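Colleague: Got a minute to walk me through this one? I'd like to see it on screen first.

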Amino acid sequence: MRLIYKTLLLAFLSFIFISCAKTPYTNRTQFIMLSPKDEIRMGYQAAREVLQKEPISHDRRLNYLVRKVGMRIAKVANQPNYKWEFYVIDKDIPNAFCLPGGKVFVYKGIFKIAKNEDQLATVIAHEVAHAILRHGAERMSMAQIGELGKELLSQTVLRGSQYAGLFDMAYGLGAQYGVLLPYSRKFEYEADEVGLYLMTKAGYDPREALKFWENMMRISKGKNPPEFLSTHPADIHRIERLKALIPKALKYYR
Ligand SMILES: [Zn+2]
């Protein structure tokens with residue numbers, strides 16, 4: 001127990017280093033207790049762990065597609081400190097994520113839902129948006145100050161690593177580690193919006209985003225809805241919100 005209090009004290013002391021960041025595009029004020037440098041460093045560490053634990057696909061066509069679409073989105077994401085890398089994971093689940101620092105992982109199963117490059121761009125841009133909006137760092141900071149923080153920290157302290165576990169959970173890697181902590185709706189909608197702008201800036205058709213989420217919705221009605229949907233609920237509200245943003249997104253079309 002004493003260790004938990006120590007950790008909490010540390011978390012509160014780190015308030016001194018709070019950065020009052022603004023999100024790109026949506027211009028929302030965020031309270032983040034993690035420096036971008038530390039965030040990226042933890043992203044690289046997590047990426048190394050994912051590479052050790054997950055089967056990487058060497059399918060040439062899929063790797064080519066993910067890299068091609070990913071690089072176009074990376075270009076417009078405007079993150080000079082990121083070292084972009086793209087991987088396909090050889091698992092038949094429709095999931096994807098982007099770690100801070102620009103390590104992007106797309107599960108093979110996503111190709112059953114993303115029917116063309118524009119739809120693949122939808123999911124990659126959405127995940128890249130979570131990263132550049134620093135949602136994981138924000139969530140970590142929120143967790144550290146809230147009741148949730150006590151719980152998460154006690155778990156992570158028990159696991160012997162103060163931040164690593166919290167990081168995994170904050171970035172939605174929890175599924176691989178037995179804990180699933182979905183982003184809040186607010187973060188999901190924000191990543192949808194910024195993702196839509198990014199894909200459009202990269203030259204993709206934002207209207208395909210609607211089709212991607214419609215495909216997702218169709219799958220969620222099946223017998224075994226994929227894991228991705230528990231963190232990314234595809235429903236009519238999500239699609240309606242995206243639809244309303246299309247005119248704004250089209251202004252980014254080049
Ligand atoms: Zn998301």
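Colleague: What hand does the crossing of α3 and α4 have?

Modeller: The two cross in a right-handed way. Keep in mind that this is a predicted model.

Colleague: And at what angle do α3 and α4 pack?

Modeller: About 45 degrees, with the axes 9 Å apart. Here α3 covers residues 60-77 and α4 covers residues 117-132. Angles from 65 to 115 degrees would count as roughly perpendicular and those under 35 as roughly parallel, so α3 and α4 come out as oblique to each other.

Colleague: Which residues make the contact?

Modeller: On the α3 side you have Leu-65, Val-66, Lys-68, Val-69, Gly-70, Arg-72, Ile-73 and Ala-77. From α4 come Glu-117, Leu-120, Ala-121, Ile-124, Ala-125, Val-128 and Ile-132.

Colleague: How does that contact of α3 with α4 split by class?

Modeller: There are 11 nonpolar residues, one polar and three charged.

Colleague: OK, switching to holes. How many cavities of 30 Å³ or more are there?

Modeller: The count is three. The second largest cavity holds about 50 Å³ of space.

Colleague: What lines the second largest cavity?

Modeller: Its lining is Thr-122, Ala-125, His-126, Ala-191, Asp-192, Gly-195, Leu-196, Met-199, Ala-209, Trp-213 and Leu-242. Ala-125 is a residue you've met already, in the contact between α3 and α4.

Colleague: Which elements give two or more residues to that lining?

Modeller: Those would be α4, α8 (185-201) and α9 (207-220). The most comes from α8, with five residues.

Colleague: And the classes in the lining of that second largest cavity?

Modeller: Seven nonpolar, three polar and one charged.

Colleague: Now pockets. How much space lies in the second largest pocket?

Modeller: About 150 Å³.

Colleague: Which residues line the second largest pocket?

Modeller: Going along the chain, Pro-36, Glu-39 and Ile-40 line it, followed by Asn-78, Gln-79, Pro-80, Asn-81 and Tyr-82. Pro-100, Ala-131, Ile-132 and Arg-134 complete the lining. Ile-132 is another residue from the contact of α3 with α4.

Colleague: Which element gives the most to the lining of that pocket?

Modeller: That's α2, with three residues. Both α2 (36-53) and α4 supply at least two residues each.

Colleague: Last one: how does the pocket lining divide by class?

Modeller: Seven of the lining residues are nonpolar, three are polar and two are charged.

Notes: Residues numbered from 1 in each chain as written. Predicted model: local features only at pLDDT ≥ 70, side-chain atom pairs only at ≥ 80, totals over all residues. Heavy atoms only, no water. Axes fitted to C-alpha atoms, helices over the stretch in contact; angles between N-to-C directions. Helix = DSSP H or I, 4+ residues; strand = E, 2+ residues; numbered from the N terminus. Parallel < 35°, antiparallel > 145°, perpendicular 65-115°, else oblique. Left-handed = near helix turned anticlockwise from the far one by under 90°. Contact = heavy atoms within 4.5 Å. Nonpolar A, V, L, I, M, F, W, Y, C, P; charged D, E, K, R; others polar. 1 Å grid on protein atoms, 1.4 Å probe; cavity = no way out; pocket = protein on both sides within 12 Å on 5 of 7 lines; lining within 4 Å. Points joined across faces, edges and corners; volume = space filled by probe spheres on them.
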